[in-house]
Amino acid sequence: MKQPLIIGAYGQLGKALQARFPKAVAVDRDSFDITDREFLASYDWRQVSVILNAAAYTNVDGAETAEGRRAAWAINAQAMANLAALAAQHQITLVHVSSDYVFDGTTSPHTEDELVTPLGVYAQTKAAGDIAVGTAPQHYILRVSWLIGDGPNFVRTMMGLAAKGISPSVVDDQIGRLTFTEQLVDAIEHLLKVKAPSGIYNLSGDGEPASWAGITRAIFQELGHNELTVTGISTAEYFKNKPEAAPRPLQSTLDLAKIKTAGFTPRDWREDLATYIAHQDQA
Ligand SMILES: NC(=O)c1ccc[n+]([C@@H]2O[C@H](COP(=O)([O-])OP(=O)(O)OC[C@H]3O[C@@H](n4cnc5c(N)ncnc54)[C@H](OP(=O)(O)O)[C@@H]3O)[C@@H](O)[C@H]2O)c1
């Protein structure tokens, strides 16, 4: 009996995929390293109904170091080319997740056919990975912005500051929308179920885009911390004394028309934020 294979199953997205596909084979880096070409070639792919790839090198600033650059290219680009070739050989659908960072952020909103213009090393490797995955005859690349799930992320960081009574300075010139892993697995499940045409699909929460500072205000409001203030600062100012930081695109808003045409209606990111915060409070 064939089952889905979740690769990188213990990251933010991997955990959400495991919850949605409980019968899937879930593997972590120790048991299934996507950079190990010999291992990939020897794997019994006849057991796999669909490859759900949640594995990635996601340390955006770490990718700017010599060591990080090597790891990011190996995991996000070369390994994806190897996986795409195996998916093609074994006629398996390959589901992969990409990022708004493949764009330089000078236009908005980003459509699926916009030419990639990545700024930093992480972004370049994700763009290369998208091109590689695109060679698999049957693939879905979900291009998401600002992913939030069960793991270290922006919302949890800001909740931590609120709990300590800290009024932070937060970047106010990067504009986008949050994507919650719950919604991302909904979209993946939908595309597979309706057998949507192979290709790239943008996915984020719907609704009015906001800056990180605006999102922080929404988090504080949701938490009832109305006494805290959020001071907006520019990306240039924020990274002034951090020359090792990767460049960030300013415009991250994704156009959602294509996935809506495929029959999937994303929820407003503010609605998902409220649900997420309520669950964190209970946890
Ligand atoms: N986080 C965001 O804001 C964001 C935004 C846009 C797009 N995305 C994309 O969304 C996807 C999921 O992101 P995420 O936040 O869930 O990432 P994550 O929490 O960092 O999880 C990535 C997982 O990949 C695993 N992994 C790394 N190298 C591997 C290898 N060589 N072989 C097998 N597994 C390996 C990691 O294992 P270890 O922990 O053991 O290394 C980790 O469990 C990624 O493709 C990412 O690029 C993320």
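**Note on the sheet and its helices**

1. Ala87 is a residue of helix H3, and this note starts from Ala87 in a model that is predicted. Ala87 has 25 C-beta neighbours inside 10 Å, and because a residue with 20 or more such neighbours is called buried, Ala87 counts as buried. Once the neighbours within four places in sequence are set aside, the residues in contact with Ala87 are Ile51, Ile92, Leu94 and Ala136. Ala87 and Val133 lie 46 residues apart along the chain, and their C-alpha atoms are separated by 9.3 Å.

2. One of the contacts of Ala87 is Leu94, which leads to strand S4. Are the residues of strand S4 buried or exposed? Seven of the seven residues of S4, which spans residues 93-99, are buried, so the strand is largely enclosed by the rest of the structure. Thr93, Val95, Val97 and Ser99 point one way from S4, whereas Leu94, His96 and Ser98 point the other way, and all of these residues are buried.

3. On one pairing of S4, strand S3 (residues 48-53) runs parallel to S4, and three bridges join the two. Within this pair, Val50 is found opposite Thr93 of S4. Between S3 and S4 the chain passes through helix H3 (residues 66-89), and the resulting β-α-β crossover is right-handed.

4. Strand S5 (residues 139-144) is also parallel to S4, and here the two strands are joined by six bridges. Ser98 stands opposite Arg143 of S5, while Val97 has Leu142 in S5 as its bridge partner. A right-handed β-α-β unit is formed by S4, helix H4 (residues 121-133) and S5.

5. These pairings belong to a wider arrangement. In which order do the strands of the open sheet follow one another? The sheet has six strands in the order S2-S1-S3-S4-S5-S10, and their pairing is parallel. Strand S2 (25-27) and strand S10 (199-203) stand at the edges with a single partner strand each, so one side of each is left without a neighbour in the sheet. From one strand to the next, the twist averages 20 degrees. As a general point, the strands of a sheet pair through backbone hydrogen bonds, in either a parallel or an antiparallel manner.

6. Two of the helices may be considered against this sheet. Helix H1 (residues 12-20) packs on the sheet and touches strand S1 (3-7), S2, S3 and S4, with a direction that makes about 160 degrees with that of S1. H4 likewise packs on the sheet, where H4 touches S4 and S5, and the direction of H4 makes about 160 degrees with that of S4.

7. H1 also meets another helix, namely H6 (residues 181-193): their axes come within 9 Å and cross at roughly 55 degrees, which means that H1 is oblique to H6. The crossing of H1 past H6 is right-handed. In this contact, Gln12, Leu13, Ala16, Leu17 and Arg20 of H1 meet Thr181, Glu182, Leu184, Val185 and Glu189 of H6.

8. A further helix pair is made up of H5 (residues 154-163) and H7 (residues 212-223), whose axes come within 10 Å and cross at roughly 55 degrees, and H5 is therefore oblique to H7. This crossing of H5 and H7 is right-handed. H5 contributes Phe154, Val155, Met158, Met159 and Ala162 to the contact, and H7 contributes Trp212, Thr216, Ile219, Phe220 and Leu223.

Terms used: Residues are numbered from 1 along each chain as its sequence is written. This is a predicted model: local features need pLDDT of at least 70, side-chain atom pairs count only at pLDDT 80 or more; totals for chains, interfaces and linings use all residues. A residue is buried if 20 or more other C-beta atoms lie within 10 Å of its own, exposed if 12 or fewer, and partly exposed in between; C-beta atoms are placed from the backbone. Helices (H or I, at least four residues) and strands (E, at least two) are DSSP runs, numbered from the N terminus. Two strands pair if DSSP finds at least two bridges between them. A crossover is right-handed if, with the strands pointing away from the viewer, the path from the first strand over the helix to the second runs clockwise. Axes are lines fitted to C-alpha atoms, for helices over the stretch in contact, and angles run from 0 to 180 degrees between N-to-C directions. Angles under 35 degrees count as roughly parallel, over 145 as roughly antiparallel, 65 to 115 as roughly perpendicular and the rest as oblique. A crossing is left-handed if the near helix is turned anticlockwise from the far one by less than a right angle, and right-handed if clockwise. Two residues are in contact if their C-beta atoms, placed from the backbone, lie within 7 Å.
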